[in-house]
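The following exercises concern the arrangement of helices and strands and the surroundings of a ligand. Each task is followed by a worked solution.

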Amino acid sequence: MKPTIIAIVGASGSGKTYLSKMLQEQLGVYLIVSHTTRPMREGEIEGVDHYYIKNAHRFGRSQMLSYTKFADYEYFALEEQVPPKGYCAYVVDERGLRFLKENKSHKFDIISIRVEATMDTLLERGIPLCRIMRDEDREPLPLGYYDCVIENNGTIEEFDMKIYETYKKICRWQRQR
Ligand SMILES: Nc1ncnc2c1ncn2[C@@H]1O[C@H](COP(=O)(O)OP(=O)(O)OP(=O)(O)O)[C@@H](O)[C@H]1O
């Protein structure tokens, strides 16, 4: 069986990082850490949140699992970061997900999760407006494009529960393949 990549997509501040850390820490899913040319934000850690690099030139496109340019910064992961079997989680944007599905489906099973949060929710959680506005650069995909959609407008406990249920569903699908 091919390795399964759980690709996580959502607006800035919607809860993608939280979801990926839940999968990693509570459910033992391997997490693919992206490389990025974006500067490190306060509180972020090299190798945990991203690998922070000056430019992507020394990495060939053929080595890349997925590549995207977002708000003038490059983001990518390498194919060699995918474990040889089992599940891994990967936070990507819409362009990255399309690239993955179109170019890597012969090597990996790609299951996408969309995290949805309203503008009111993002503002209530204190997500800075500049982070929300950056999302204008995104190329939205219809909700039907995703395998799973998680609405994250409630409490963190509700989100935890939805994450757990979604992961169980993905495991069930993969067992039945
Ligand atoms: N249901 C929730 N209730 C309260 N806080 C939440 C909930 N979901 C996520 N958060 C918090 O909202 C903040 C933003 O979440 P997170 O960092 O996971 O977003 P993100 O989608 O990864 O954002 P970005 O793309 O900008 O990195 C975090 O502090 C997270 O802990």
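**Exercise 1.** Determine which strands helix α2 lies across.

*Solution.* Helix α2 (residues 94–104) lies across β1 and β8. The angle to β1 is about 155°, where axes are lines fitted to C-alpha atoms, for helices over the stretch in contact, and angles run from 0 to 180 degrees between N-to-C directions. Helices (H or I, at least four residues) and strands (E, at least two) are DSSP runs, numbered from the N terminus. The model is predicted: local features need pLDDT of at least 70, side-chain atom pairs count only at pLDDT 80 or more, and totals for chains, interfaces and linings use all residues. Residue numbers start from 1 along each chain as its sequence is written.

**Exercise 2.** Establish the strand order of the open sheet and place α1 against it.

*Solution.* Step 1: the 5 strands run in the order β2-β7-β1-β8-β9 with parallel pairing; two strands pair if DSSP finds at least two bridges between them. Step 2: β2 (30–31) and β9 (148–151) are the edge strands, each pairing on one side only. Step 3: β1 (residues 4–10) and β7 (residues 87–91) share 5 bridges, and Ile8 has Val91 of β7 as its bridge partner. Step 4: α1 packs on the sheet and touches β1, β2, β7 and β8 (109–116), contact meaning C-beta atoms, placed from the backbone, within 7 Å. Its direction makes about 165° with that of β7.

**Exercise 3.** Identify the element that gives the most to the shell around the ligand.

*Solution.* Step 1: 15 residues surround the ligand, each with its C-beta atom, placed from the backbone, within 6 Å. Among the closest are Ser12 and Lys16. Step 2: α1 (16–27) and α5 (156–176) each give two or more residues. Step 3: α1 gives the most, with 3 residues.

Note on methods:
Two residues are in contact if their C-beta atoms, placed from the backbone, lie within 7 Å.
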